[in-house]
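Welcome, and thanks for opening the viewer. Get your selection tool ready, and we will go from stop to stop together.

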Amino acid sequence: MSLEQENIEKLILLCKQKNQKAQCEVYNRYAKAMYNVSYRIVKDAHFAEDVMQEGFLKAFNKISDFKQEVSFGAWLKRIIVNSSIDFYKKNNQFKTEDFDTALYKKEENEIDISDDDSFNNLKVQQILETINSLKYSYRMILTLFYIEGYDSEEISEILNISYANCRTTLSRAKDCLRKKLGEI
């Protein structure tokens, strides 16, 4: 049986034995999805590819730590997300002060869009473009929450901020997103 037909559990066992063909097969199965995860955070195709590849190297080096408590894809995704955020921190494009100062800022001209149907009718592309137009701290927290599917507790751990700060920033980011979508 070729490696392309092996299930992921068998491939992981082979990866733990440093089988390069198995590592290549795992990479081929997950590369596109992990690139997309990295790209949504890094916002640059070349850097996203580099971050993704470094994330795979970390994963293969630490694969013995994988205990199958979660799916391999979720474990790998967490490594890629953390690698992407680390990249941002290293390149001074991400400042933790944004989260701290956001706690004390009040968004002006807040509006409440109560008609949920108007949100449902917006095109996905418009929503993604609107999220991308937000300041970095809001964009990051909304991406992790809505697109990557992390909850507030996980986001606070990933971004190394308090849970209360995470909830406040998420709430303000949602309000800001609603305001901008209301203008469309």
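## Stop one: helices 8 and 9

Select helix 8 and helix 9: their axes come within 10 Å and cross at roughly 135°. That angle makes helix 8 oblique to helix 9. Keep in mind as you look around that this is a predicted model. In handedness, the crossing of helix 8 past helix 9 is right-handed.

Now show the side chains. Which residues of helix 8 meet helix 9? They are Met140, Ile141, Leu144 and Phe145, and their partners in helix 9 are Ile155, Ile158 and Leu159. Colour this contact by class and you will find 7 nonpolar residues, with no polar and no charged ones.

## Stop two: on to helix 10

Keep helix 9 (residues 152–159) selected and add helix 10; here the axes come within 9 Å and cross at roughly 110°. Helix 9 and helix 10 are therefore roughly perpendicular to each other.

For the contact itself, pick Ser152, Glu153, Ile155 and Ser156 in helix 9, which meet Tyr163, Cys166, Arg167 and Leu170 in helix 10. By class, this contact has 4 nonpolar, 2 polar and 2 charged residues. You may recognise Ile155 in helix 9 from the previous stop, where it meets helix 8.

## Stop three: the largest pocket

Next, show helix 7 (124–133), helix 8 (136–147) and helix 10 (163–182), each of which supplies at least two residues of the lining of the largest pocket. The volume of this pocket is about 240 Å³.

How many residues line the largest pocket? There are 11, and those nearest its centre are Ile127, Ile131, Tyr146, Leu177 and Leu181, so select these five to find your way in. The lining as a whole divides into 9 nonpolar and 2 charged residues, with no polar ones.

## Stop four: helices 2 and 4

For the last stop, select helix 2 (residues 20–42) and helix 4 (residues 72–90), whose axes come within 9 Å and cross at roughly 40°. Helix 2 is thus oblique to helix 4, and passes helix 4 in a right-handed crossing.

Along helix 2, highlight Val26, Tyr30, Met34, Val37, Ser38, Ile41 and Val42. These meet a set of residues in helix 4, including Phe72, Leu76, Ile80, Ser84 and Tyr88. Lys77 and Gly73 of helix 4 also take part. Across both helices, the residues of this contact divide into 13 nonpolar, 3 polar and 1 charged.

Notes. Residues numbered from 1 in each chain as written. Predicted model: local features only at pLDDT ≥ 70, side-chain atom pairs only at ≥ 80, totals over all residues. Heavy atoms only, no water. 1 Å grid on protein atoms, 1.4 Å probe; cavity = no way out; pocket = protein on both sides within 12 Å on 5 of 7 lines; lining within 4 Å. Points joined across faces, edges and corners; volume = space filled by probe spheres on them. Helix = DSSP H or I, 4+ residues; strand = E, 2+ residues; numbered from the N terminus. Nonpolar A, V, L, I, M, F, W, Y, C, P; charged D, E, K, R; others polar. Axes fitted to C-alpha atoms, helices over the stretch in contact; angles between N-to-C directions. Parallel < 35°, antiparallel > 145°, perpendicular 65-115°, else oblique. Left-handed = near helix turned anticlockwise from the far one by under 90°. Contact = heavy atoms within 4.5 Å.
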